[in-house]
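Dear colleague,

I am handing over the structure that we talked about, and below it you will find a careful account of what turned up in it. Please read the account with the structure open beside you.

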Amino acid sequence: FLKKVLFALYLPILLAAREYGFEEILEKALTNNNSLKAKKIDIEIAKSRVSEISAKKFGELNIGHNYTRTNHAGYVFMNKLSSREATCADFGFGDFLSAQASGQNPLSITPDELNNPKPRDNYEGFVEYKLPIFAGFALSNQEAAAKKIEEAAKLFAAKDEKALAVETLRAYNNAVAAQKYLEAMRVSKKSVEMIVSNTSEMLKEKLASKTDLMEAEYADSVSRARLFEAEKNYEVAISYLKFLTDDEAVDGVGGFFEPRLNKTIELKRDDIAAKSAIKDASKKISDASSADFYPKVFAFAKYGYNDNSLTLSSSKDFYLAGVGISYNITDFGATSAKTEGARAEFLKASDDEAATKSFAKFELKQKELELKQKELQLSEAKSAKALASNIFENYKIKYKNGLTSISDLVKKEAEDSLSQAALIGATAAYLNAKAEYKYALGQGIKE
């Protein structure tokens, strides 16, 4: 009971709240929806993948520095040669000359300077550039696949945006319907209260019985229950709009929004185009998986300095440039297995695209039939409402003239209220069906 009282106090404020039009509600929904934000991040991820692969075509430029200290004969001698400071003594010529002077065979001696050098520090700084000249078409195919995946991400985002627009329209029109139904129930409540008041006056003049008054009061109780249900439905509808827009400030709606149907009917859906892009990407990935069947050609260039201390002296610099080729003779079936797996993914994507096309045709036909049904139901609801209103007005006159019972009058009032509710519901259902039909075609709400 307390909840009913509080809601009754809150309801006038709710009904007097600002009216938000559909365009404003839709803008809030598209801006604040976290799922759409995630889809836009997917697009950025796909773009970065394209940039990453495209950059690989230009190779890589590295800068580095190595420091070593060793008494390893080979490394010490190599480091001295690399810094252009190796002497004849480093080759062991001192021991050679001593052996020759003493009459020994110099060819049989073991040079001490060469085999037991003193420990040496070595600093090597360099800039290195590596460039893939031919990678078995892997990079070109991977780049093409990445671009298709980016395209698919954009199409899926567009599809989800249209789906959210349809759901927002459905929620908005349902909220409008709930508001109109609430207004109708308030009018119905006043109408029943008038019947109760008139019956009470007629009872005083002995033109109605106590049973008539009790029936009128029972009808009033039923109308209060309908009014409370209408209040609850309206509050729920507004709450759902707040959820879709992620905005607690949304507290009212305007009139129904009716989507415009285009004269040209063409099935052009984002999900079909996205699945086609994924299929194309799978084909390129499949082609890229065969790269190891081709030889790899690459180029490289290196420039740097080498000495036993840090230096940038031109007398200690060096360069190295070249071109290389490699070919994988066998990896014992690994490449073949990878190619088969990629081929299976392509076939799967092709089947998925075909299934999406088939379902789209079915869904379009389903939504077309539903739209025709809702249009017919709306026409019938309008006729039924007009008849119910006329009948109720006639029964009010009859009741005042004592030509019908209170039971019949209350029944006709209920029928009039129900026909009003049915008309409101049929209007919302028809407008929503138009939006769903446009979505099934692949069109946006405002297209």
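Is lysine 57 buried, partly exposed or exposed? Lysine 57 is partly exposed, because its relative accessible area is 36%, where buried means under 20% relative accessible area, exposed means over 50%, and partly exposed lies in between, with a 1.4 Å probe and only the protein chains counted.

Before going further, please note that this is a predicted model, in which local features need pLDDT of at least 70 and side-chain atom pairs count only at pLDDT 80 or more, while totals for chains, interfaces and linings use all residues. Residues are numbered from 1 along each chain as its sequence is written, and side-chain values use heavy atoms, with hydrogens and water left out.

Salt bridges

The structure holds 40 salt bridges, each being a side-chain nitrogen of Lys or Arg within 4 Å of a carboxyl oxygen of Asp or Glu. In one of them lysine 57 pairs with glutamate 143, and their closest N and O atoms are 3.2 Å apart. Lysine 57 sits in the loop between helix H3 (34-56) and S1, whereas glutamate 143 belongs to helix H7, so this pair ties together parts that are 86 residues apart in sequence; helices (H or I, at least four residues) and strands (E, at least two) are DSSP runs, numbered from the N terminus. Glutamate 143 counts as buried, because its relative accessibility is 12%.

Another salt bridge brings together the side chains of lysine 28 and aspartate 247, at 2.6 Å from N to O. Since lysine 28 lies in helix H2 (residues 22-32) and aspartate 247 in the loop between helix H8 (210-245) and H9, the pair ties together parts that are 219 residues apart in sequence. Both lysine 28 and aspartate 247 are buried.

A further salt bridge joins lysine 338 to aspartate 292, with the closest N and O atoms 3.7 Å apart. Lysine 338 is in helix H10 and aspartate 292 in the loop between H9 and strand S3 (296-307), so to speak of distant parts of the chain is fair here, as they are 46 residues apart. Lysine 338 is partly exposed at 45% relative accessible area, and aspartate 292 is partly exposed at 26%. Elsewhere, salt bridges that share partners join Glu167, Arg170, Lys367, Glu370 and Glu436 into one network.Helix H11 and the largest cavity

Helix H11 (residues 406-441) has 36 residues and reaches 52 Å from its first C-alpha to its last, close to the 52 Å expected at 1.5 Å a residue, the expected span being 1.5 Å times one less than the number of residues. H11 is followed by glycine 442, whose phi is positive, near 100 degrees. Glycine 442 also helps to line the largest cavity, together with Lys159, Lys162, Arg269, Asp270, Asp271 and Tyr439. A cavity is a set of points, on a 1 Å grid over the protein atoms alone, where a 1.4 Å probe fits but cannot get out, and lining residues have an atom within 4 Å of a point. Helix H7 (138-204) and helix H9 (270-288) each supply at least two residues of this lining.

With best wishes

Notes
On a 1 Å grid over the protein atoms alone, a cavity is a set of points where a 1.4 Å probe fits but cannot get out, and a pocket is an open set with protein on both sides within 12 Å along at least five of seven lines; lining residues have an atom within 4 Å of a point.
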